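Subject: Structure handover

Hello,

Here is the structure you are taking over. My notes on it follow below the entry.

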Amino acid sequence: MTTTITYEQLADLAGTDLGYTDYRTVTQDQVNLFADATDDHQWIHVDPERAKNGPFGAPIAHGFLTLSLAVPFWTELLDVKGVTTKVNYGLDKVRFPAPVTVGSRVRMTATVAEVVEVSGGYQIAVDQTIEVDGGTTPAVVARGLYRFYA
C-alpha cells in the first residue's frame, strides 16, 4: 500500500513504517540482462545447468540486481505530492546477507529513519529490507537516502 503525503508533511515523516511492497519474481531473463549491463557473467548467475550443482542449487541474482529492485519497490511505498524533483541521493550500510535464487519472490519493507532539511528541500533516510518469500534471512539490508525538492 502506498503512503501518499504532501511535500509539507515530509518534515514529520521520521519513524513512519511504510509497510511492504507487493512481491516480484526474479527471473533468469532479468539476471541475464543485468549480467550483460554490468559485464558480470559469472556462472553462478547465468549458467542454470552448472548452478544446479553449485552452492545454492540454482542460479542466483547478482546482489546489485536485488538492490536495484529498491527503485521500483520504493515507488510502491511512498508518493510525495507537490514536489518538482525527486532524487535518489545514495545508500548507506548496504549488505547482502542471503542470496536470491532465480524464481524467488522478493518484496521490500521500509521505515523512515530520519528527515533532514537540505538546501531547497528535504532528505530522508529510509531503512530498507528486501526479503525472499519463505526465507529467514534478508536478501538486502540498506539505508536509502532520497531528496525531495519543492
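Helices and strands here are DSSP runs, at least four residues for a helix and at least two for a strand, numbered from the N terminus. By that scheme, Thr66 is found in helix H4, which spans residues 63-68. Please keep in mind that this is a predicted model.

Thr66 has a relative accessibility of 4% and therefore counts as buried, since the cut-off for that class is under 20%. Leaving out residues up to four places away in sequence, Thr66 touches Ala61, Val100, Ile130, Ala139 and Val140.

Helix H5 covers residues 70-77, and its residues Ala70, Phe73, Trp74 and Leu77 are buried. Seen down the axis of H5, the buried residues fall within an arc of 105°, so they line one face of the helix.

The core

In soluble globular proteins, nonpolar side chains tend to be buried together. The largest nonpolar core in this model has 35 residues. Those with the most contacts inside this core are Leu10, Leu13, Trp74, Leu78, Val106, Ile124 and Phe148. Two or more residues each come from helix H1 (28-38), H4, H5, strand E4 (78-81), strand E6 (105-118), strand E7 (121-132) and E8.

Trp74 appears both among the buried residues of H5 and in the list of core residues with the most contacts. Not counting residues up to four places away in sequence, Trp74 touches Leu18, Met108, Ile124, Val126, Gln128, Tyr146 and Phe148.

Strand pairing

Which strands pair with E6? Strand E2 (residues 17-20) does so in the antiparallel sense over 3 bridges, and within this pairing Gly19 has Ala110 of E6 as its bridge partner. Strand E3 (residues 24-25) is also antiparallel to E6, with 2 bridges; here Arg24 stands opposite Val106. E7 runs antiparallel to E6 as well, and 12 bridges join the two. Val115 stands opposite Ile124 in E7. The hairpin of E6 and E7 has 2 residues between the strands, and in it Gly120 takes a positive phi near 85°.

Tyr149

Tyr149 is in strand E8, which runs over residues 140-149. Is Tyr149 buried, partly exposed or exposed? Its relative accessible area is 21%, so Tyr149 is partly exposed, given that buried requires under 20%. Apart from neighbours within four places in sequence, Tyr149 is in contact with Tyr7, Val83, Thr84, Thr85, Val87, Val118, Ser119, Gly120 and Gly121. One of these contacts, Gly120, is the hairpin glycine with the positive phi. As for Leu91, it is 58 residues from Tyr149 in sequence, and the C-alpha to C-alpha separation of the pair is 19 Å.

Backbone angles to check against your own criteria

Most residues other than glycine have a negative phi. Asp39 is not a glycine, yet its phi is positive, at about 60°. Asp39 sits in the loop between H1 and helix H2 (43-46). With a relative accessible area of 64%, Asp39 is exposed.

Lys93 also has a positive phi without being a glycine, with a value near 50°. Lys93 lies in strand E5, residues 85-95. Lys93 counts as exposed because its relative accessibility is 67%, and the cut-off for exposed is over 50%.

Regards

Methods: Residues are numbered from 1 along each chain as its sequence is written. This is a predicted model: local features need pLDDT of at least 70, side-chain atom pairs count only at pLDDT 80 or more; totals for chains, interfaces and linings use all residues. Side-chain values use heavy atoms; hydrogens and water are left out. Buried means under 20% relative accessible area, exposed over 50%, partly exposed in between (1.4 Å probe, protein chains only). Contact means heavy atoms within 4.5 Å. The arc is that of the directions from the helix axis to the C-beta atoms. A nonpolar core is a set of buried Ala, Val, Leu, Ile, Met, Phe, Trp, Tyr and Cys residues joined through side-chain atoms within 4.5 Å. Two strands pair if DSSP finds at least two bridges between them.
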